[in-house]
Amino acid sequence: MVAAARPDRNATSVAGAAGTAIPHDSAHLHVSGEATYTDDIPEPRGTLHLAVGMSKHAHARLKRVDLAAVRSAPGVVDVMVAKDIPGTNNCGPVVQDDPILAPGIVQYVGQAVFAVAARTVDEARKAVALAEIEYEELAAILDPLTAVEKKSFVLPSETLERGDATSAIHEAPHRLQGRVELGGQDQFYLEGQIAMALPREDGDLFVYSSTQHPGEVQHLVAHAIGRQSKDVVVECRRMGGAFGGKESQPALIACIAGLMANRTNKPCKLRLDRDVDMVMTGKRHDFVIDYDVGFDDDGLIAGVEFMFASRCGMSADLSGAINDRTMFHCDNAYYLQNVKIVSHRCKTHTVSNTAFRGFGGPQGMYGIEYVIDEIARYLGMDALDVRRKNFYGIGERDVTPYMQTVKDNILDEITTLLENRADYRARRALTDKFNAEHQHLKKGLALTPVKFGISFTATHLNQAGALLHVYSDGTVHLNHGGTEMGQGLFTKVAQVVADELQIDIDRIKITASDTSKVPNASATAASSGSDLNGKAAEAAARTVKQRMTRFAAEHFKVSEPDIYFQNNEVHVGNNVLSFAELAHMAWFARVSLSSTGFYRTPKINYDRSTFSGRPFYYFAYGAAVAEVLVDVLTGEYRMLRVDILHDCGNSLNPAIDMGQIEGGFIQGVGWLTTEELCWNARGELTTHAPSTYKIPVCSDVPEEFNVEIFESGRNREDTVFRSKAVGEPPLMLSLSVFHALRDAVAATGAQGCRPPLRAPATPEAVLEAIIAVSDDPDE
């Protein structure tokens, strides 16, 4: 310890403090191949490998299941069917309607019927094919419109109504009606679904699971084996991507592994290959959307009615909350004074659809943006002008259909900045000129905004916990309930702790998500990971810091306000000692240097029975301009240029946030352009491998890709360091690409034509739309 003058509190901060653009904590491990994923964890001696026997029919009774050949196959140790489950045969996260193994009836092609344990992966997978199953086929519902007709729903339909939409539409000067279809999307995480279950003494289980929600996996595995949550520990250090596909879906994989481990008393591992993964697990919900809108000569919406019919699949999964969020986001950036929204949650005999980045919000936004574009084309106006006309206001026209007042509106500011920086008006004129001069190539241009609500719509999920230890050498062990799927959450939370304790980030050890350390954690989802876990970790660090401060005040006989932490040092009056020195002194004096932290999002309240309240703590905003070039003869196209301006608040890590903006946008482009899920008449998914299912690749990135973080961003709410969520909102910026394509297609038809372009807008879909407007110029 040395005497020192009180330094400037604004002096250089610690390495890795909040707000600095540091690399992802595992970046060096990712690029070197040294990052440990679940499949890389060394397998204990005697580990059994599992495979799943799947249904070949969309809807059928299991008349006869003969597994004799399976049991006698080389390497097979055990076979398990539904009646062998000692506990609850369910992996549904909300409703108990999703069996782990089919109990006599199958409801989609790919549903798990039985599981095999063998000495090797190959032996297990080969044995599965030897099953002899006789089915009694039943009528199958394969699309949402048939489900609506037959009143087949996984959950009751919901209606949200504000004002008098019907009267407003009838009294408006203009009216448009239509139906659009919007495809789903496979999460296509690089690391597939996987779990490894290890038996422990006295019937306990330790489960490694690639999951966004270890707590849910813990509970469901415990129920399946007939035990309690205290008997199961689930750990996840990292996932190789998730995008919502590992929120509820990993429970099935972990339950099968856990059940077989419990049954054989041997370590059991289940890893799905890509084809099986895509067939067996849920995707983004596809929708049929009907709209009826009335508006005036300037494009101002007087009233609008929406009908959303989503394909939920054979069980509820997370479809209730997902479809609720669709209803909450079909306003996007626009004030809808008179609105009626009907939401059908359709039961079909297909795999249960599930969470995907945006969680239903993108589908709602797609609906209103399509309507805005229709109005603009009908009136012969620039769609940007119609969008501006309908924007939420500030101090007026600022209440959402679910009765939340929009208090942080920066839509006009962001849109104006981007419009000017991207030179939108001049490029609009150049696009029109190009199209007039070229017969076989057409350009399209569009600017679309994003307003996305942040928080779980299920209020009780907006909570988080953390655990922090300061060791006697001044290093820190950090754990929290969030999970790392490549998005940089662990890095950001460590930055928050580094900033709070004023120590370099390399003094902090980031540890795996573990249900035995932080219990009852919510899923890392809803873009809330940093908001929730950052605040919980900050609270834990602050508690330990306060204890150290109190000890220092007593030991050095100074007042607590004269003690502060800065740049790896602690200033105690006129004395300075290192953080490590104070930690050691506090430990020696028997001061607790370990603490939990807890956070619950304030201000939110929501009455689902009336669809009203404040479901969101705040909104994230952004805007994008996209320019495309379309070959009129083939429907093929390229993105020429994209300009993005996105609001991250006071960014915790601009480098990571920039990656999220770019990646989210490109993933959204895939959803709306190339990623087409196809089922045949038997309910079989025919696009279940990268040979037939096309995600964007590097060559799909636009030639000119200008991405900026909104410089004036600062969250008006008390989030961690006034930052904003950035996981999901950028995906919806991709709507600009779809509408740029529609703009290019419209250039091939008569003035005022409204191209019937479906999403995903594959080259085939684009060509169909070109033919449609060419054949019927008055449409």
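1. Let's start with D317, a buried residue with no salt bridge in this predicted model. The nearest side chain of opposite charge belongs to K283, 12 Å away. A salt bridge would need a side-chain nitrogen within 4 Å of a carboxyl oxygen, so K283 does not qualify. D317 is found in the loop that runs between β15 (301–313) and α9 (319–329).

2. What does the side chain of D317 make a polar contact with? One partner is the side chain of S248, at 3.0 Å, and another is the side chain of T354, at 2.7 Å.

3. Next, the empty space. There are 6 cavities of 30 Å³ or more in the structure, and the largest has a volume of about 160 Å³. Its lining is made up of 16 residues, with C91, D98, Y108, Q249 and L252 lying nearest the centre. By class, the lining of this largest cavity has 9 nonpolar, 5 polar and 2 charged residues.

4. Two backbone angles are worth a look. M403 has a positive phi, near 70 degrees, though the residue is not glycine; M403 sits in the loop between α11 (383–390) and α12 (411–421) and is partly exposed, at 46% relative accessible area. N520, also not a glycine, has a positive phi near 60 degrees. The loop holding N520 lies between β21 (513–514) and α15 (529–556), and N520 counts as exposed, with 56% relative accessibility.

5. Finally, please check the peptide bond from A759 to P760, which is cis with omega near 5 degrees. P760 belongs to the loop between α18 (735–746) and α19 (763–775).

Key. Residues are numbered from 1 along each chain as its sequence is written. This is a predicted model: local features need pLDDT of at least 70, side-chain atom pairs count only at pLDDT 80 or more; totals for chains, interfaces and linings use all residues. Side-chain values use heavy atoms; hydrogens and water are left out. On a 1 Å grid over the protein atoms alone, a cavity is a set of points where a 1.4 Å probe fits but cannot get out, and a pocket is an open set with protein on both sides within 12 Å along at least five of seven lines; lining residues have an atom within 4 Å of a point. Grid points are joined across faces, edges and corners, and a volume is the space filled by probe spheres set on the points. Ala, Val, Leu, Ile, Met, Phe, Trp, Tyr, Cys and Pro count as nonpolar, Asp, Glu, Lys and Arg as charged, and the others, Gly among them, as polar. Helices (H or I, at least four residues) and strands (E, at least two) are DSSP runs, numbered from the N terminus. Buried means under 20% relative accessible area, exposed over 50%, partly exposed in between (1.4 Å probe, protein chains only). Lys and Arg count as positive and Asp and Glu as negative; His and the chain ends are not counted. A polar contact is a pair of N or O atoms within 3.5 Å; within protein, one must be able to donate a hydrogen and the other to accept it, and residues adjacent in sequence count only if both atoms are side-chain atoms.
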